[in-house]
Amino acid sequence: MKGFGMMIQELKKNPKTIVFTEGTDERILEAASRLLAGSFLTPILVGNKEAVLEAAEKYGYNIRGGEIIDPDDYERFDEMVELFCELRKSKGVTPEQAAKTLKRNNYFGTMLVKMGVADALLGGATYSTADTVRPALQLIKTKPGSSCVSSCFILVRPSATGENEVLAMGDCAINLKPTEDQLAEIAWEVAECGKHFGIDPKVAFLSYSTLGSGKGEDVDKMRNAAAKAKELYPTLPIEGELQFDAAVSPRVARTKCPNSEVAGQANTFIFPDINAGNIGYKIAQRLGNFDAYGPILLGLNAPINDLSRGCNAEEVYSMAIITAALVED
């Protein structure tokens with residue numbers, strides 16, 4: 001794996017700034033304190049300055065050197081309102097409506113990224129994924145060539161050789177029932193994300209069928225999605241549809257699909273829907289003893305990532321490094 005040590009070294013050469021939208025949360029403050037001590041990533045904590053400082057003192061975390069920005073007392077707020085209205089003009093948003101919306105930390109923090117005040121954002125410790133994704137879609141928008149926002153999880157565990165085993169899985173958090181075209185695009189995004197973690201992607205489109213062994217609409221969808229992905233991304237090793245055992249077991253692959261360059265050695269997995277994806281990565285995490293990092297949001301114009309409401313400070317710290325490492329210079 002391209003480990004956190006390497007990511008940190010790269011960030012030290014070119015430090016970034018990251019917005020935390022929940023500046024008074026204990027887990028955020030602990031992670032921010034650690035980041036400031038490392039001097040490679042500058043946190044911006046959104047919230048009332050006195051409240052943030054009081055919380056830091058209460059929990060015992062040193063956040064000197066970090067920046068606190070209060071939506072109620074921001075010198076560029078009028079500029080932010082004007083830009084928000086321009087971005088949402090198709091919806092007829094008035095300055096009054098914009099100002100009210102921008103008092104919400106998730107929208108305010110996203111606009112700090114849009115305005116170039118920060119390079120990236122990490123939120124969601126106390127609110128839903130939708131509350132992180134919605135402002136990003138409305139304000140940051142999808143990058144050129146992307147038709148949807150998706151997500152992946154990076155799963156890591158030590159292997160017998162002493163190196164880390166690293167897998168990428170998507171989409172496990174955003175799209176409920178992606179179409180064939182969306183699945184093809186998701187495969188590319190997940191594979192590209194995996195490269196940041198040292199994965200040489202071999203992509204399996206997962207199903208309850210292996211290359212025609214089963215029948216049904218869901219099988220057809222994954223087979224067609226794999227075919228579209230192969231056509232769109234001819235340099236990316238792709239196979240599908242595959243059952244999970246055929247995707248990861250060389251012995252099973254020799255029996256079921258002996259001529260495949262992916263079967264038996266897949267490391268990047270595309271699930272048919274969010275049910276399968278969410279269940280799949282959590283089985284790997286809980287029963288396979290993998291550490292799971294994510295969801296990492298894909299397809300946006302800037303790195304905006306979501307935390308689980310059950311996250312701990314270590315996960316916040318790790319996701320902050322990952323998010324900053326995805327900033328494109």
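## Exercises on a predicted model

Six strands form an open sheet in the order β8-β7-β9-β6-β5-β10, and the pairing is mixed. This is a predicted model, in which local features need pLDDT of at least 70 and side-chain atom pairs count only at pLDDT 80 or more, while totals for chains, interfaces and linings use all residues. Residues are numbered from 1 along each chain as its sequence is written, and side-chain values use heavy atoms, with hydrogens and water left out.

**Exercise 1. Find the edge strands of the sheet, then follow β6 to its parallel pairing with β9.**

Step 1: Helices (H or I, at least four residues) and strands (E, at least two) are DSSP runs, numbered from the N terminus. Two strands pair if DSSP finds at least two bridges between them.

Step 2: Look for strands that pair on one side only: these edge strands are β8 (238-242) and β10 (291-298).

Step 3: Go to β6 (residues 164-170), which runs parallel to β9 (residues 268-270) and is joined to β9 by three bridges. One partnership to locate is Gly170 with Ile270 in β9.

**Exercise 2. Locate the cis peptide bonds that follow Gly170 and Gly294.**

Step 1: Start with the general picture: most residues other than glycine have a negative phi, and most peptide bonds are trans.

Step 2: Between Gly170 and Asp171 the peptide bond is cis, with omega near -15°. Asp171 sits in the loop between β6 and α8 (180-195).

Step 3: Between Gly294 and Pro295 the peptide bond is also cis, with omega near 5°. Pro295 belongs to strand β10.

**Exercise 3. Work out where Ser39 and Asn289 lie, and whether they count as buried or exposed.**

Step 1: Buried means under 20% relative accessible area, exposed over 50%, and partly exposed in between (1.4 Å probe, protein chains only).

Step 2: Ser39 is not a glycine, yet has a positive phi of about 60°. Ser39 lies in the loop between α2 (26-38) and β2 (41-46), and counts as exposed at 59% relative accessibility.

Step 3: Asn289 has a positive phi near 60°. Asn289 lies in the loop between α12 (274-287) and β10, and its 60% relative accessibility makes it exposed.

**Exercise 4. Name the buried residues of helix α1 and what they pack against.**

Step 1: In α1 (residues 4-13), the buried residues are Phe4, Met7, Ile8 and Leu11.

Step 2: These buried residues line one face of the helix, because they fall within an arc of 100° seen down the axis of α1. The arc is that of the directions from the helix axis to the C-beta atoms.

Step 3: With contact meaning heavy atoms within 4.5 Å, the buried residues of α1 pack against β1 (16-20), β10 and α13 (313-325).
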